[in-house]
Amino acid sequence: MRVVVQPSTGVILGATVTQQSIIEQTNAHPVTPSQLADFAIASPNPQYGDPTSNVVVLQSPFMNLAGHNGTYRIDVTVQYFTGPIPYQTYTESASMTRTMRNLVLVDSRSEPYFIWNPAQMTGVSFSAQLEHAQQLTVFDDANDICQIKLEIFTSEDNQNAILVKAFDRVPRPGTWSWIWDGRLSDGTVAPRGVYTYRLSAVTYVPTLPDWDSNRSSTLRVTQTKLEIPEGQNHLVFSYYLTEQGTDGWLLVFDPTPQEVMMYDVDVPTNAGWNSVAVILPSGREEMPPGMIRYLVYAVDRGDINGMDKAHRRRWALPLNQRVPLYLAIIDAGHGGRDSGTYGRDEQGTTYYEKDVNLAYAFTLDAQLLGLQVFTYPGHPEEPNCPRQTPVCAWTTRLTRSADVSLSPKDRMKAVRDFVKGWLEAGGQRRQVFLISLHCDGSLNTTVRGVSVGYCRLNPYGSGLRDTVGTWIDSEMTEWEVPSVRYWECEDVKGTGNHLYILRQRFLPEDERVRATLVELGFMSNQTDLAQLLDFYYRIRESRAIHYACDWYLR
């Protein structure tokens, strides 16, 4: 974003932005002025066609927004100086608008389930539209990635997909469609049934991942139960929601002929346990509870809680999951004015730790939520991993999702709020992991490797640190990671130290969670730096951290 300052008289000597503000005009999501990166004089200063070069251009490199799609108005106040003597000072204001369009996947289906009957059907059609401001329609490089993933689940197991299909190099913006012929990966035909599904999309712009899904990543149905109250002639179906939703539907169907029997509207969607009395349609009352199936379809709050960047509500994910739910708090170190360490490649381009940390945070987030299925040269889809069936499902929270300045106290508050919110919703401390991501630097540019650590006075992180280090060591080659260093810090008393997040003195002792800090590599070493910037390497290192968290829970 640029502000061009050109006086009508005199010679311009300098200019600064003295005040700036940003307001979202589409919806009422809170936006602070600090989310607009500072304006600085462009160098070299573009002339924009002015033959006298009597112009100063102030530019803000990017907007530090969390990613809500919409239109924003930016107001800036500029002070500039002209000569010759006597110097003159002027103050003027300017307004501009900018429309943010992140990747948005629009599913063509209005319901999050479908019925498959191989005796009467030849296939099931899926289609979606990808909306994105940054066009990618011509693919000529391995890093030109825009992928859609389709996962199909049975009604009895909405966690382990019976079919996963990835579609690479999907144009954006653009449309995608595919017809499932009912065949599974082994070539057999899926039996008649009611199935659920998830569509997700991921792309890189140009290096950070941007993704979307037709399912919410925060609202989940984690437990269900069915009861017949004593002396009553109806059923009570109960289900547990991780957070409050807006709308909910209850689907009742007969599993033998796989026919939908009832579709009730307006079931409660409060955080925690919800119950609904079910009176079966006429002629079905004699069926015992074990002979019917129930699915809850709940919708998240979307534009109300600000979790959805596209300003629309989405279905809960996964539906009626059968495995435990765990929370991963991902902390991307540094940010904003605190750039952390840095490195320069062979061409002299400077890269900052804060940006690499954020790229890894996004990648790990997508991996834990199951949004990424990428193959890469020389490796199968599941490289060297005994992990076949996940032992848990993950929901995630990021301490920062943009290049914003966060003081250590801000990070502590974010972690504290995440943990307390989880506990208040009925979760347990042992279900929460904290992964803090950083990069190393050294005056000795030959030093390489990864290091993992924890705080001795928060012993819950010891085993997690060891598991993460072991998985990184086993998944990466000896050339890529020559060594993994294991360290522990003592009591961290200064709240200005980023290691304080490992100590967690800001939480009661019975609420402190497993926490480890991963130094992903040395930015001061050109080999490590090249790896940290490499798309496929980042996927593999993040995958190792993901699988380490899974493996730790076995």
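# Reading a predicted model, feature by feature

Student: R169 sits in the loop between β11 and β12. What is the sign of phi at R169, and is the residue buried or exposed or in between?

Tutor: Good place to start, and keep in mind that this is a predicted model. R169 is not a glycine, yet its phi is positive, at about 55 degrees. With a relative accessibility of 40%, R169 is partly exposed, because buried would need under 20% and exposed over 50%.

Student: Which other non-glycine residue has a positive phi, say of about 65 degrees?

Tutor: Look at H334, which is not a glycine either. H334 belongs to the loop between β21 (325-332) and β22 (342-344). H334 has a relative accessibility of 13%, so it counts as buried.

Student: Let me stay with loops for a moment. Where do I find cis peptide bonds before a proline, such as P84 or P173?

Tutor: Omega is the angle to read. Between G83 and P84 the peptide bond is cis, with omega about 0 degrees. P84 is placed in the loop between β5 (70-83) and β6 (88-100). The bond joining R172 and P173 is cis too, with omega about -10 degrees. P173 takes its place in the loop between β11 (163-167) and β12 (174-180), and R169 is in the loop between β11 and β12 as well.

Student: Now the wider view. How many helices and strands does the protein have?

Tutor: There are 6 helices and 28 strands. Of the 554 residues, 53% are buried. For contacts, ask how far apart the partners are in sequence: among contacts between residues at least 6 apart, 74% join residues at least 24 apart.

Student: Can you show me one strand residue up close? With what is T16 in contact, beyond its neighbours within four places in sequence?

Tutor: T16 is part of strand β2 (residues 11-24). Setting those sequence neighbours aside, T16 touches L58, T77, V78 and Q79. Distance along the chain and distance in space are separate readings: T16 and T91 are 75 residues apart along the chain, while their C-alpha atoms are separated by 9.8 Å. T16 has a relative accessible area of 40%, so it is partly exposed.

Student: On to helices. At what angle do α5 and α6 cross?

Tutor: To read a helix pair, take the approach of the axes, then the angle, then the residues that meet. The axes of α5 (residues 526-533) and α6 come within 5 Å and cross at roughly 85 degrees, so the two helices are roughly perpendicular. Q531, L532 and L533 of α5 make the contact with F535, Y537, R538 and E541 of α6. By class, those residues are 4 nonpolar, 1 polar and 2 charged.

Student: And how do the axes of α1 and α6 cross?

Tutor: Helix α1 (residues 353-368) and helix α6 (residues 535-552) have axes that come within 9 Å and cross at roughly 55 degrees. That angle makes α1 oblique to α6, and the crossing is right-handed. On the α1 side, the meeting residues include Y360, L364 and L368, and on the α6 side they include R538, S542 and I545. This contact has 7 nonpolar, 4 polar and 3 charged residues.

Student: Why does α3 count as oblique to α6?

Tutor: Their axes come within 8 Å and cross at roughly 135 degrees. That value makes α3 (residues 461-475) oblique to α6, because an angle counts as roughly antiparallel when it is over 145. The crossing of α3 and α6 is right-handed. Among the residues that meet are W471 and I472 in α3, and A548 and W551 in α6. The contact divides into 11 nonpolar, 2 polar and 3 charged residues.

Student: Last topic, cysteines. How many disulfides are there?

Tutor: A disulfide is a covalent bond between the sulfur atoms of two cysteines. Here the count is 0 disulfides. C455 is in no disulfide, and its nearest cysteine sulfur, that of C489, is 3.9 Å away. That pair is not counted because the sulfur atoms would have to be within 2.5 Å.

Student: Are C455 and C489 buried or exposed?

Tutor: C455 has a relative accessibility of 1%, so it counts as buried. C489, at 9%, counts as buried too.

Methods
Residues are numbered from 1 along each chain as its sequence is written. This is a predicted model: local features need pLDDT of at least 70, side-chain atom pairs count only at pLDDT 80 or more; totals for chains, interfaces and linings use all residues. Side-chain values use heavy atoms; hydrogens and water are left out. Helices (H or I, at least four residues) and strands (E, at least two) are DSSP runs, numbered from the N terminus. Buried means under 20% relative accessible area, exposed over 50%, partly exposed in between (1.4 Å probe, protein chains only). Contact means heavy atoms within 4.5 Å. Axes are lines fitted to C-alpha atoms, for helices over the stretch in contact, and angles run from 0 to 180 degrees between N-to-C directions. Angles under 35 degrees count as roughly parallel, over 145 as roughly antiparallel, 65 to 115 as roughly perpendicular and the rest as oblique. A crossing is left-handed if the near helix is turned anticlockwise from the far one by less than a right angle, and right-handed if clockwise. Ala, Val, Leu, Ile, Met, Phe, Trp, Tyr, Cys and Pro count as nonpolar, Asp, Glu, Lys and Arg as charged, and the others, Gly among them, as polar.
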